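User: Please take a close look at a single part of this structure, the kind of part that is mostly hidden from the outside. Then go on to some other local features, and explain each term as you use it.

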2 protein chains.
Amino acid sequence: MTQGTFYAVSCGAGNPQMITQEALNILKECHYIFYPKSPKNTIAIDSLSTLDLSEKTLISCLFTMTSEKGESLMEYEKIAGQIIPCLKEGKSAAMICLGDVSLYSSASRMALIIQKAGFKIRFIAGVTSFSAAAAAASLPLCERDEMLSVIPADAFYNEGKLEAQLKNEGSKVLMKMGRHLKEICLLLKNLNLISSATLIQRAGMEGEKIFRQEEILSMREEDHAFDYLSLIIIKKQA
Amino acid sequence: MTQGTFYAVSCGAGNPQMITQEALNILKECHYIFYPKSPKNTIAIDSLSTLDLSEKTLISCLFTMTSEKGESLMEYEKIAGQIIPCLKEGKSAAMICLGDVSLYSSASRMALIIQKAGFKIRFIAGVTSFSAAAAAASLPLCERDEMLSVIPADAFYNEGKLEAQLKNEGSKVLMKMGRHLKEICLLLKNLNLISSATLIQRAGMEGEKIFRQEEILSMREEDHAFDYLSLIIIKKQA
């Protein structure tokens with residue numbers, strides 16, 4: 001029997017309209033759809049609302065995002081142990097992710113584990129959260145010969161590496177800011193970067209909010225409820 | 001009469017399957033579709049093959065990509081002069097682009113000119129060429145706390161700035177390499193980065209080719225025919 005293929009499928013940035021034709025077609029072919037479930041959100045599966053899921057087997061998987069490497073690998077291998085029997089049945093399986101699969105996704109890491117076990121895999125590209133955020137704010141990220149740095153800001157802040165990267169040339173996207181958003185905004189102020197900054201929350205989703213320049217410094221406590229779905233674009237005016 | 005809206009629409013990375021639902025829906029609503037035409041390619045318009053274009057007015061526009069700023073602005077304003085009467089008729093117009101509109105697109109620059117003239121604009125996000133390339137090569141660009149630099153490599157090479165950026169931490173995408181691809185590959189070799197490099201040509205399109213690691217250094221003359229549709233991903237193994 002031919003074995004099934006494992007697809008790591010980008011679902012776009014949280015809005016069902018942002019999914020590609022290719023992702024929809026692949027998901028139509030897959031019997032099993034694995035989706036990440038976190039205490040905070042299940043936005044990835046919600047973004048499939050245009051798809052008929054009635055004949056699919058949906059399986060939620062919990063990644064705790066532990067920073068302990070051995071523990072993390074064990075979590076992945078446990079879920080791989082659920083996926084592999086599906087592929088052996090000859091059925092294809094997808095794991096979906098928010099944004100683009102090549103950027104910080106559990107689905108791509110899972111795909112490489114499945115590939116090592118001898119199965120066929122494919123990545124399906126999608127719209128990144130920063131493309132969605134730039135579009136929401138009608139903001140070009142890069143023009144002409146500008147470079148772009150995409151920085152997992154919380155980790156860089158913790159390790160004292162953020163300031164040096166902010167001083168590098170070009171545009172910046174600060175992602176994954178969860179815990180230290182306020183401190184990062186203060187750092188932007190101290191580096192005179194607030195006038196080039198735009199903070200976008202829940203880009204393309206219900207409740208989208210955009211804070212431009214000085215507005216970022218006067219965000220209220222309730223404005224910080226979606227810090228984990230926020231990103232900051234720093235772009236000098238041309 | 002209500003004025004039409006100008007949409008800067010991402011068509012994905014050159015494959016009609018890579019367009020989003022949102023982009024298709026917007027293009028269905030637009031009477032006028034402006035598309036970039038260059039002596040080299042009209043891939044953007046070809047990527048609309050799944051759309052019924054029979055009742056649309058398609059208008060090609062030539063951007064010479066001159067580096068002379070005044071001349072470039074004149075080109076844009078001339079095309080804006082074609083777009084604005086359409087919007088005044090009350091009809092919506094789109095300008096399409098390859099990849100994502102926020103990254104190096106003529107459409108986003110045009111949108112800002114149209115906005116300044118007092119019209120409503122919207123950006124429609126799409127799949128970037130580097131997401132498509134990473135997916136084609138089944139390569140995660142960034143994992144965990146890695147940062148990403150997207151570098152217009154030809155310009156940075158010319159200005160002697162490429163080496164410093166290559167020495168920065170994290171993954172890199174080298175885009176827009178057209179003229180100096182061979183020299184850039186030699187630089188990667190000298191910096192011991194070839195073993196982390198993957199060159200992807202025509203990602204997701206007919207004739208897609210992938211050169212991994214040392215293969216990049218043994219590309220034949222005919223392999224360089226699509227240098228302007230190539231990009232290099234540099235990603236250290238985890």
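Analyst: The answer starts with one helix and the residue after it, then turns to another loop, charged pairs and cysteines.

This is a predicted model, in which local features need pLDDT of at least 70 and side-chain atom pairs count only at pLDDT 80 or more, while totals for chains, interfaces and linings use all residues. Residues are numbered from 1 along each chain as its sequence is written, chains are lettered from A and ligands numbered from 1 in the order in which they are written, and side-chain values use heavy atoms, with hydrogens and water left out.

The part chosen is helix 5 of chain B, residues 129-136. Helices (H or I, at least four residues) and strands (E, at least two) are DSSP runs, numbered from the N terminus. Six of the eight residues of this helix are buried, so the rest of the structure largely encloses it. Buried means under 20% relative accessible area, exposed means over 50%, and partly exposed is in between (1.4 Å probe, protein chains only). The buried residues are B:Phe130, B:Ser131, B:Ala132, B:Ala133, B:Ala134 and B:Ala135.

Both chains take part in the cover over these residues. From chain A it includes strand 5 (121-124) and helix 5 (129-136), and from chain B it includes strand 6, strand 7 (171-175), strand 8 (197-201) and strand 10 (230-234).

After the helix comes B:Ser138, with a positive phi near 45 degrees, although this residue is not a glycine. B:Ser138 sits in the loop that leads from helix 5 to strand 6 (148-152), and is buried at 17% relative accessible area. B:Tyr104, also not a glycine, has a positive phi near 60 degrees. The loop between strand 4 (93-97) and helix 4 (106-116) of chain B holds B:Tyr104, which is buried at 17% relative accessibility.

Next come the charged pairs. Side chains of opposite charge can pair when their charged atoms come close. A salt bridge is counted when a side-chain nitrogen of Lys or Arg is within 4 Å of a carboxyl oxygen of Asp or Glu, and the whole structure has 25 of them over all chains. One of them joins A:Asp154 to A:Arg179, with the closest N and O atoms 2.8 Å apart. A:Asp154 is in helix 6 (residues 153-158) and A:Arg179 in the loop between strand 7 (171-175) and helix 8 (181-190), so the two are 25 residues apart in chain A. A:Asp154 is buried at 5%, whereas A:Arg179 is exposed at 66%.

In chain B, B:Asp223 and B:Lys209 form a salt bridge at 3.2 Å, N to O. B:Asp223 is in the loop between strand 9 (209-212) and strand 10 and B:Lys209 is in strand 9, so the pair ties together parts 14 residues apart in sequence. B:Asp223 is buried at 4%, and B:Lys209 is partly exposed at 35%.

The search finds zero disulfides over all chains, a disulfide being a pair of cysteine sulfur atoms within 2.5 Å. In chain B, the sulfur of B:Cys11 is 6.6 Å from the closest cysteine sulfur, in B:Cys97, which is too far for a bond. B:Cys11 is buried, at 0% relative accessibility.

Note on methods
Contact means heavy atoms within 4.5 Å.
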